[in-house]
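Let's walk through this one together, starting from a single spot and working outwards. Keep the viewer open as you read.

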Amino acid sequence: MSVSRLQQLKSHILFENKITEMAASPSPLTTHVLNTAMGVPGANMTLSLYRQDHSTNAWSLITNGTTNDDGRCPGLITKQQFTSGVYKMRYETAQYWAGMGETCFYPYVEIVFSINDPDQKYHVPLLLSRFSYSTYRGS
């Protein structure tokens, strides 16, 4: 990966703090999609956020969204809606790659994670190429 691509990725990651400061009511849960194959944000990707019912294990849709030009999807959930539990974010990766005239190995990516302390901020990045993906708990 070239130095300029690394600098671009770094600037997008560090931009998260500026987004949070600008938002009137920031979401306690954020995401950021980075197209690591091209070294650009994953813009215009459809995603959905779900919460699992602890008694039935059924998933309930909370919201749908589309990433902006910076690969972010602000306003995923309000602080009032954000409770302890198991959540899932589903990213429609096949549609994203098809929009660029490409195919991919993973038609969608689902990231399932636990929220134990809803007073904390949670950041779930998705690092993506046509044939791989990675995620981690960011801050």
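Leaving aside residues up to four places away in sequence, Thr31 touches Leu47, Gly71, Arg72, Cys73, Leu76, Met89, Tyr91, His123 and Val124. Remember as you look around that this is a predicted model. Thr31 itself belongs to strand β1, and it counts as buried because its relative accessibility is 2%, where the cut-off for buried is under 20%. Two of the residues that Thr31 touches, Tyr91 and Val124, also come up when you look for polar partners. The side chain of Thr31 makes a polar contact of 2.6 Å with the side chain of Tyr91. A polar atom of the Thr31 side chain also lies 2.6 Å from the backbone oxygen of Val124.

Now zoom out to the strand that carries Thr31. Which strand is joined to β1 by 7 bridges? That's β7, residues 122-128, running parallel to β1, residues 29-35. If you want a register mark for this pair, take Asn35, whose bridge partner in β7 is Leu128. Both strands sit in an open sheet of 4 strands, ordered β2-β1-β7-β8, and the pairing there is mixed. At the edges you'll find β2 (40-41) and β8 (133-135), each of which pairs on one side only. As a reminder, strands of a sheet pair through backbone hydrogen bonds, either parallel or antiparallel.

There's more strand pairing to trace elsewhere. Strand β3, residues 46-52, pairs with β5 in the antiparallel sense over 5 bridges, and here Arg51 stands opposite Tyr87 in β5. Next, follow β5 over to β6: these two also run antiparallel, joined by 7 bridges. Met89, one of the residues that Thr31 touches, stands opposite Ile111 in β6.

With those pieces in place, the overall layout is easier to read. How many helices and strands does the chain have? There are 2 helices and 8 strands, and along the sequence they follow the pattern α-β-β-β-β-β-α-β-β-β. The chain has 139 residues, and 36% of them are buried. Take the contacts between residues at least 6 apart in sequence, and 61% of them join residues at least 24 apart. As for the outside, the accessible surface of the chain comes to about 7,800 Å², and carbon and sulfur atoms account for 53% of that.

Time for the charges. The whole structure holds 6 salt bridges. One of them brings us back to a residue that Thr31 touches, Arg72: its side chain meets that of Asp70 in a salt bridge, N to O at 2.7 Å. Are these two buried or exposed? Both Arg72 and Asp70 are buried.

Compare that with the salt bridge between Asp119 and Lys79, where the closest N and O atoms are 3.9 Å apart. Asp119 lies in the loop between β6 and β7, while Lys79 lies in the loop between β4 (59-66) and β5 (85-91), so the pair ties together parts that are 40 residues apart in sequence. Asp119 is exposed, with a relative accessible area of 65%, whereas Lys79 counts as partly exposed at 47% relative accessibility.

Then there's Arg130, whose side chain meets that of Glu102 in a salt bridge (3.3 Å, N to O). This pair links distant parts of the chain: Arg130 is in the loop between β7 and β8, Glu102 is in the loop between α2 and β6, and they are 28 residues apart. Arg130 is partly exposed, with a relative accessible area of 24%, and Glu102 counts as partly exposed too, at 35% relative accessibility. Finally, Lys88, Arg90, Glu92 and Glu110 are joined into one network by salt bridges that share partners.

One last stop, out on the surface. Phe105, Tyr106, Phe131 and Tyr133 form a nonpolar patch there, and together they have about 440 Å² of accessible area. Pick out Tyr106 in the loop between α2 (93-98) and β6 (109-115). With a relative accessible area of 31%, Tyr106 is partly exposed, in contrast to the buried Thr31 where we began.

Key
Residues are numbered from 1 along each chain as its sequence is written. This is a predicted model: local features need pLDDT of at least 70, side-chain atom pairs count only at pLDDT 80 or more; totals for chains, interfaces and linings use all residues. Side-chain values use heavy atoms; hydrogens and water are left out. Two strands pair if DSSP finds at least two bridges between them. Patches are made of residues with over 30% relative accessible area and no salt bridge: like charges are joined within 9 Å, nonpolar side chains (Val, Leu, Ile, Met, Phe, Trp, Tyr) within 5 Å. Accessible areas come from the Shrake-Rupley method with a 1.4 Å probe; for residues, only the protein chains shown count as cover. A salt bridge is a side-chain nitrogen of Lys or Arg within 4 Å of a carboxyl oxygen of Asp or Glu. Buried means under 20% relative accessible area, exposed over 50%, partly exposed in between (1.4 Å probe, protein chains only). A polar contact is a pair of N or O atoms within 3.5 Å; within protein, one must be able to donate a hydrogen and the other to accept it, and residues adjacent in sequence count only if both atoms are side-chain atoms. Contact means heavy atoms within 4.5 Å.
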